[in-house]
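Morning, everyone. Please have a look at the screen, and then we'll walk through a few residues together.

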Amino acid sequence: METGNSFIIDIQYKGAEYLAGLYDQNGELKKPVGGSVNALGGLYPIDFQGKGVYDLLAYQRIIGLYNADGLGQLITYLRWKDHTFQPYNQTIQIY
């Protein structure tokens, strides 16, 4: 789901060996790399206010160098408006 938001994820927790594969001794990136966000992995109806009106909670996995390199989850909150579900909030959770 494209919303125009951008996030920076601190990957220091991945450890020295992982980071050494990406950065040289001076802290410079060895070559351009990028992670990505997988397709929709889960979509759940949630009644946040307990009034019988449901929003949708969408989960997408954030990955690093390859699919098994999980970095976290992108969570998008969607509300029905103007005949379509529209995002109104987006957060990330880091593993």
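Let's start with a pair. The side chains of R79 and D55 form a salt bridge, with N and O 3.3 Å apart. R79 sits in strand β3 and D55 in strand β2, so this pair ties together parts that are 24 residues apart in sequence. Keep in mind that this is a predicted model.

Now, how accessible are the two partners? R79 is partly exposed, at 39% relative accessibility. D55 has a relative accessible area of 7%. That is under the 20% cut-off, so D55 counts as buried.

How many salt bridges does the structure hold? Two. The other pair is K14 with D69, where the closest N and O atoms are 2.7 Å apart. This pair links distant parts of the chain, 55 residues apart. K14 belongs to the segment before α1, which spans 16-20. D69 belongs to the loop between β2 and β3. For orientation on screen, β2 covers 55-63 and β3 covers 70-81.

Is D69 buried or exposed? Buried, with a relative accessible area of just 3%. K14, its salt-bridge partner, is partly exposed at 25%.

Stay with D69 for a moment. Its side chain also makes a polar contact with the side chain of Y18, at 2.5 Å. Which residues does D69 contact, leaving aside neighbours within four places in sequence? They are K14, Y18, I62, I63 and G64.

Y18 takes us to the next topic, the core. The largest nonpolar core has six residues: I11, Y18, L22, I62, L71 and L74. In soluble globular proteins, nonpolar side chains tend to be buried together. Take L71 from that core. Beyond four places in sequence, L71 touches I11, Y13, K14, I62, I63, G64, Q93, I94 and Y95. So K14 shows up again: K14 is in contact with D69 and with L71.

Last stop, V53. Find V53 in the loop between β1, which is 36-46, and β2. V53 has 57% relative accessibility. The cut-off for exposed is over 50%, so V53 counts as exposed. Outside four places in sequence, V53 touches I46 and D47. And how far apart are the C-alpha atoms of V53 and K31? They are separated by 48 Å, with the two positions 22 residues apart along the chain counted as their spacing.

To recap: two salt bridges, a buried D69, a six-residue nonpolar core and an exposed V53. Thanks for listening.

Notes:
Residues numbered from 1 in each chain as written. Predicted model: local features only at pLDDT ≥ 70, side-chain atom pairs only at ≥ 80, totals over all residues. Heavy atoms only, no water. Helix = DSSP H or I, 4+ residues; strand = E, 2+ residues; numbered from the N terminus. Buried < 20%, exposed > 50% of the residue type's maximum accessible area, 1.4 Å probe, protein only. Polar contact = N/O pair within 3.5 Å; in protein donor to acceptor, adjacent residues only side chain to side chain. Contact = heavy atoms within 4.5 Å. Core = buried A, V, L, I, M, F, W, Y, C linked by side-chain atoms within 4.5 Å. Salt bridge = Lys/Arg side-chain N within 4 Å of Asp/Glu carboxyl O.
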